[in-house]
Amino acid sequence: MASISASLAVSAPAEVSTSTPNRAFSGLSKSASFFAPKSVNPLSINNGSRVNAMLVVDPYNNLKYETLSYLPPLTDEQIAKQVDYIIRNGWNPCIEFDRVGSVHRTNFSGSGYYDGRYWIMWKLPMFGCTDAAAVLREIAECAKEHPDSFVRVLGFSALRQVQCAGFLVKKPSI
């Protein structure tokens with residue numbers, strides 16, 4: 001019992017130095033950096049590097065569909081480089097198409113259910129493909145057969161059993 005009462009004993013506070021007088025807090029000064037006036041021209045904003053500001057392509061009328069969709073349409077050479085990347089990583093290229101191009105609801109409006117989650121596969125994945133030109137030929141054939149559809153290329157990993165890459169290669173000609 002004595003040990004409990006000894007541990008509960010409160011020691012006297014240590015002597016506090018009074019060399020610096022306490023001043024009442026008077027609020028933040030107006031010279032604080034977060035009170036600086038905002039720039040009138042958003043293009044004059046500097047992010048600390050050599051780039052001042054980067055504008056995106058019309059954000060209201062330019063839907064984003066897949067990776068790289070914010071860029072101008074890719075050329076065949078650029079698509080071939082992306083497909084080469086897929087092949088170098090040992091992934092299997094696959095071509096898919098869809099008329100809507102994004103997740104959409106048609107039959108049921110409950111949460112978590114979307115009809116357009118999956119695109120239609122163009123033929124089978126190109127297992128063992130080692131030539132980007134073969135993929136470009138399949139893209140052209142798919143686009144010719146389905147001119148009103150979005151076309152994308154995916155890269156599937158046989159090791160991880162997942163999609164590792166995906167990008168849009170064609171938008172419909174409307």
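Start by selecting F127: at 60% relative accessibility, this residue counts as exposed. Keep in mind that you're looking at a predicted model. F127 sits in the loop between β2 (120–122) and α3 (132–145). Now add M121 and L124 to the selection, and you have a nonpolar surface patch with about 360 Å² of accessible area together.

Next stop, the inside. In soluble globular proteins, nonpolar side chains tend to be buried together. Here the largest nonpolar core has 23 residues, and the ones to pick are V83, I95, I139, V153 and F167, which touch the most other members. Colour α2 (76–88), β1 (92–98), α3, β3 (150–157) and β4 (162–170) to see the elements that each give two or more residues to this core. Then zoom in on I139: setting aside neighbours within four places in sequence, I139 is in contact with I79, I95, V151, V153 and V169.

Stay on helix α3 and click A133. With 32% relative accessibility, A133 counts as partly exposed. Draw a distance from its C-alpha to that of E77, and you should get 9.8 Å, though the two are 56 residues apart along the chain.

Last, the rings: there are two aromatic pairs to find. Y85 and W91 meet edge-to-face, 5.8 Å centre to centre with 80 degrees between the planes. Y85 is partly exposed at 41% relative accessibility, while W91 is buried at 13%. The other pair, F97 and W122, is edge-to-face too, at 6.4 Å and 70 degrees. F97 belongs to strand β1 and W122 to strand β2, so this pair ties together parts 25 residues apart in sequence. F97 is buried at 9% relative accessibility, and W122 is buried at 12%.

Terms used. Residues numbered from 1 in each chain as written. Heavy atoms only, no water. Patch = residues over 30% accessible without salt bridge, like charges linked within 9 Å, V, L, I, M, F, W, Y side chains within 5 Å. Areas by Shrake-Rupley, 256 points an atom, 1.4 Å probe, with all protein chains shown as cover. Salt bridge = Lys/Arg side-chain N within 4 Å of Asp/Glu carboxyl O. Helix = DSSP H or I, 4+ residues; strand = E, 2+ residues; numbered from the N terminus. Buried < 20%, exposed > 50% of the residue type's maximum accessible area, 1.4 Å probe, protein only. Core = buried A, V, L, I, M, F, W, Y, C linked by side-chain atoms within 4.5 Å. Contact = heavy atoms within 4.5 Å. Phe/Tyr/Trp six-rings, centres within 6.5 Å; stacked < 30°, edge-to-face > 60°.
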